[in-house]
Amino acid sequence: MSESQDDTARSERFGGQTRGARMPPTYNSPPVFLEKTGTVLWCQARGHRAFVWTMTFLCYSGYCLARNPFGVVKSVLCPHCSNHSSHTNTTTGSNGTESRAGWAPFNGDDGETLMGVVDYSLLFSYAVGTFISGAIADRVNQRHLLVVGMMGSAVATILMGVAYFANIHHVSYFIVVQIMGGLMQSTGWPTLIAVMTAWFGKQRRGLIMGVWSTNVFVGSILGTLIPAIWATPNAPWGWSFITPALVLLVISLMTSLLLLPDPRAIGLESPLGVSTSTLSSPSTAGVSLRKARSGGVGYLRALLIPGVVEFSLAFFFVKMVNYVFKAWLPFYIANNEIGGRLIGGQLAGWLSSLFDVGGVVGVVGIGWITDLIGRRTLVITVLEYTTIPLLYVFHRYGGVSEASLSILLLACGCTLQACYITISTAVTSDLGTHPSLKGSENARAMVTGIINGTGSLGAAVGPLIAGWISDNYGWDVTFYFLMGASLLAAL
C-alpha cells in the first residue's frame, strides 16, 4: 500500500471518512494505541478537543507536582535557620557530641543562601532549557518530547528523595540533580502551549486558556499537600520527592499512549486557519505541511513580532515575584509567628497552598474579563499595580492570625498568579499566531519559549536574591525588593 493510500485508510479509521489530508507520519502522528482502538472514541472533533484538553491538563499538573517538594521540605532541612532566631537548635547524641537539627549542609548559618542556590540551579537550567525547547517543539513529535521530559523530571525528583535514604549531604549533589530536573521540566510549557494552540482557535482564548492553566495550581497544590505529609521533624522527607515522581511517571505513560498533538494528524481541520481539507490529496497535503513545518520561525523573526520583547521583559519580573513566593512561602510562614506562635512546617505547607487556590479564581476570572473587553495589556498592568500595596499588607498583617494570613494568601494568589498565567498562556498564544507571521503557525512554541524563558531567568535569580536578602537584611527588605519588581513589571 502506498503512503497516500495508507494515510487515507488511517484517516478513515478515525473519522469514518477522509475529512482532510493526513500529515506526514513523522509529524505528530497518532499514538499506535489510538490507531488500534480509536475507531469509536475518536469520531467527533469535539471529543478530540475535550480529550486533548484533559491530557495536556494532566501533563502540566504532573510537571508542577514534581517541581514543588523542595520548597515544602525547606523547613525540615533547616528548621531554625531563619534570621529571626538567634539561637542554634542542637541535639546531643549518646557520645556526648552535639549536632544541629535539620539536614546538612542546609542547617548551617548560611542555610537560606544554600537553599537559594539549589533553587537557582533548577530555575536557571529551566530558563535555558525553555529557550531550547521552544525551538525544538516546533520541529519534532511533541508527544515524544513531552514523554522524555516527564520521565526525566521524574527521575530527577526521585534522585532528590534518594539523598535522604542514601544519607547524602553534599550540596553539589543537590545542585547537579536540580540542573537535570530543570532541563527536563523545560520541555513542558512551550510544548503544551503549542499543542493547545493547535487544537483551540482564538475564540474565547482567554477563558479557555485560563481554565486550562489552572493545571499549574492543581499541580502546585498537590505538590504542596502531598510532600507536607513528610515535612515534619524526624519524618522520612525523601518520600516528599519520590511520591510525586511516581505520579508523574504514570502520567507520562498515559501521554505516550493517548496524546494526539495536532488535529491534522487524523484529517481534521486546524483552528489556526491551516486547513488540510483544502488541499487536493493526502500526498500533496503531506508535502505542503512538511514544507510549512520544516525550519520553523527563527529567534530573530520571533523577536520582531510586535509585543514579544515588551512582554518578555515584563514577564521577567512577573515570574520573579511568583517564584519567590513559590520557593520561600512555606519556609517564610513556618519561621515567622502567626497569631503569636510558630505553626510548624506541615501546617505552613498546607496554608501556603491557599496562594494557588487564589490563583485559580484569579486566572479564570481574568481570562473571562480579557475576552470580554479585549484589552489584555490593560488588565495585566492594573493587576501589577494592585500587587504592590497588597504585598506590603501581606507582610505587615499576615501574621496577625491564621485567618488574616489565609485571606491575604488568597488575595495575593489571585493577583500575582493571574498576571503570570495570562501572559504565559493567552498572550503567548496571541503572539505566536500574530498576523505578521503571514499564515505561518510555526512560532507557537518559539514565542512561548522566548517569553517563558525570559521570565524563567527572573524566576531563577529571584529566589536566590530573596534567600540572600533574607539572610543578611531580613524579610522587610525582601518584600521591598518584591514590590520594586512588581513596579518594574507594570512599567
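This is a walk through a predicted model, one selection at a time.

**Whole chain**

Start with everything on screen as a cartoon. The protein chain has 20 helices and 2 strands. Of its 491 residues, 57% count as buried. Take the contacts between residues at least 6 apart in sequence: 82% of them join residues at least 24 apart.

**Colour by confidence**

Now switch the colouring to pLDDT. The mean for the protein chain is 78, and 78% of the residues reach 70 or more. Select residues 1-26 next: the pLDDT is below 50 over this stretch, though the model still gives it 66 contacts beyond near neighbours in sequence. Then pick residues 37-44, where the pLDDT is again below 50 and the contacts beyond near neighbours in sequence come to 11. Where pLDDT is low, the predicted coordinates should not be read in detail.

**Empty space inside**

Time to look for holes. Rolling a probe the size of a water molecule over the atoms shows where empty space is left. How many cavities of 30 Å³ or more are there? The count comes to 6.

Go to the largest cavity, with a volume of about 320 Å³. To centre your view, select R67, N68, G71, K326 and A327, which are the closest to its centre among the 23 residues of the lining. Several helices give two or more residues each to this lining: α3 (45-67), α4 (69-77), α5 (111-137), α10 (215-228), α14 (308-334) and α16 (354-373). Highlight α14 in its own colour, as the largest share, 6 residues, comes from there. Colour the lining by class and you get 13 nonpolar, 6 polar and 4 charged residues.

Next stop, the second largest cavity, which holds about 100 Å³ of space. Select A66, R67, F70, L122, S153, A156, T157, M160, Q178, G181, Q185 and F241 to show its lining. R67, then, lines this cavity and is also one of the residues closest to the centre of the largest one. The elements that give two or more residues here are α3, α6 (142-165) and α7 (171-185). Which of them gives the most? That is α6, with 4 residues. By class, this lining has 6 nonpolar, 5 polar and 1 charged residues.

**Helix α18 and its cysteines**

Select helix α18, residues 402-432, and show the side chain of L408. Is L408 buried or exposed? At 12% relative accessibility, L408 counts as buried. Leaving out neighbours within four places in sequence, L408 is in contact with L390, V393, F394, Y397 and G398. Try a distance label from L408 to H395 as well: these two are 13 residues apart along the chain, and their C-alpha atoms are separated by 9.3 Å.

Now show the cysteines C412, C414 and C419. C412 has 1% relative accessibility, so it counts as buried. C419 is buried too, at 0%. What is the closest cysteine sulfur to the sulfur of C419? It belongs to C414, and at 9.6 Å it is too far for a bond, because a disulfide needs the two sulfurs within 2.5 Å. For the model as a whole, the count comes to 0 disulfides.

**Helix α15**

Move to helix α15, residues 345-352, and pick L351. Its relative accessible area is 10%, so L351 is buried. Beyond neighbours within four places in sequence, L351 is in contact with I343, L405, S406 and L409. L405, S406 and L409 sit in the 402-432 range you selected as α18. For another label, join the C-alpha atoms of L351 and A334: the separation is 9.9 Å, with the two positions 17 residues apart along the chain.

**Helix α20**

Last stop: helix α20, residues 475-490, which is the place of S486. What surrounds S486 once neighbours within four places in sequence are left aside? S486 is in contact with V321, E384, T387, I388 and L391. With a relative accessible area of 0%, S486 is buried. Keep α14 displayed for this view, as V321 falls within its residues 308-334.

How values were computed. Residues are numbered from 1 along each chain as its sequence is written. This is a predicted model: local features need pLDDT of at least 70, side-chain atom pairs count only at pLDDT 80 or more; totals for chains, interfaces and linings use all residues. Side-chain values use heavy atoms; hydrogens and water are left out. Buried means under 20% relative accessible area, exposed over 50%, partly exposed in between (1.4 Å probe, protein chains only). On a 1 Å grid over the protein atoms alone, a cavity is a set of points where a 1.4 Å probe fits but cannot get out, and a pocket is an open set with protein on both sides within 12 Å along at least five of seven lines; lining residues have an atom within 4 Å of a point. Grid points are joined across faces, edges and corners, and a volume is the space filled by probe spheres set on the points. Ala, Val, Leu, Ile, Met, Phe, Trp, Tyr, Cys and Pro count as nonpolar, Asp, Glu, Lys and Arg as charged, and the others, Gly among them, as polar. pLDDT is the predictor's confidence in each residue, from 0 to 100. Contact means heavy atoms within 4.5 Å.
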